[in-house]
Amino acid sequence: MASQVQRLPKVGETIHGHKFFIGFGGKGANQCVQAARMGAKTAMVCKLGNDFFGDKYVQNFKDHGISTDYVEQTAEAVTGAASIIVNDAGENAIVIVAGANLLLGNEEIQRAKPAVSQAKVLVCQLEISPDASLKALHMAKESYVRTIFNPAPAIADLHSDFYKASDVFCCNESEAELLTGQTVATVEDAGKVGVELLGRGCGSVIITLGAQGCVVITAQGSSPKHVPTSKVTAVDTTGAGDSFIGALAFYIAHYPTMPLEEMARRANLVAAVSVQTEGTQSSYPCKKDLPSALF
């Protein structure tokens, strides 16, 4: 659920909002929906509560043409939820309650092996247990499936195997700061921390920078590359990073020989469309809404 406010509240402060709405979210789900809206054949591996919201979410996946063969529901926890506050500048503050997501374990990941091993790309995050994400990444690598890992919500003591199992390690500036202990305030800062993260074993690194676009660092590249994005008036930036990653997954699956820098440029433009409309998944563009030059 999300509230629109003039400004984000200070600690201990109560303020009036001027809009409230409920929509679908969750990093993995958002990324999957954006990829599906662009035309990718997708499947979701997750756990939901056996409740009203869980039922609605299963239907939401189906409405987007996303396979729910590996979406399970449980009575042991509620469906994960997020409370989002968005100010009039489009900036947001988010609190998540993972709920049933944290009950997704190795058994469920093993059951999803047929989908993971036959995929063109696997996307993982940290809204489920790190062990489950790492098992999925290892499973994908064993089948030569390309992997995107989004270390969000970030944890400072991230296991070193996450870097080695990531063909693309994609995080935003705050996540990069937590992982490296270095400030990321500029494009140059992003390049430096990206090089450090690459040195931990990643195939490539992307640091997303919001309105500044992103920085791409590859093992084959000589130096970090800044990939700017188009200037737009942001209405709601919630889920923009997920839109970027979902679009990136689409490009990796459909244009595997395209340079990563070009994929990032196009994913930037897709995410820029998403921030011009309120909501998270509801703001994600479909293929028909995007310029043909992006395909």
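These are my notebook entries on the overall fold, surface, charges and cysteines of a predicted model.

**Fold**

I began with secondary structure. The protein chain has 10 helices and 12 strands. Next I looked up the extent of the C-alpha trace. Along the principal axes of the protein chain, I noted a span of about 50 × 45 × 40 Å. Then I checked the radius of gyration. For 295 residues, a compact globule would come near 19 Å, and the protein chain has 18 Å, so the two agree.

**Contacts and burial**

I turned to contacts with a separation of 6 or more. In the protein chain, 62% of them join residues 24 or more positions apart. I also looked up burial: 47% of the 295 residues are buried.

**Surface and charge**

I noted an accessible surface of about 14,000 Å² for the protein chain. Carbon and sulfur atoms hold 53% of that surface. For charge, I found 24 positive and 29 negative side chains. The centres of these two sets lie 7 Å apart.

**Cysteines**

How many disulfides does the count give? I got zero. I followed up on Cys32, which is in no disulfide. Its nearest cysteine sulfur belongs to Cys46, 8.8 Å away. Cys32 is buried, with a relative accessible area of 9%.

Then I took Cys170. Why does Cys170 have no bond to Cys171? The closest cysteine sulfur to that of Cys170 is in Cys171, but at 6.8 Å it is too far for a bond, because a disulfide needs the sulfur atoms within 2.5 Å. Is Cys170 buried or exposed? I entered Cys170 as buried, at 2% relative accessibility.

Technical notes. Residues numbered from 1 in each chain as written. Predicted model: local features only at pLDDT ≥ 70, side-chain atom pairs only at ≥ 80, totals over all residues. Heavy atoms only, no water. Helix = DSSP H or I, 4+ residues; strand = E, 2+ residues; numbered from the N terminus. Rg over C-alpha atoms; globule rule 2.2 N^0.38 Å. Buried < 20%, exposed > 50% of the residue type's maximum accessible area, 1.4 Å probe, protein only. Contact = heavy atoms within 4.5 Å. Areas by Shrake-Rupley, 256 points an atom, 1.4 Å probe, with all protein chains shown as cover. Lys, Arg positive; Asp, Glu negative; His and termini not counted. Charge placed at Lys NZ, Arg CZ, Asp CG, Glu CD.
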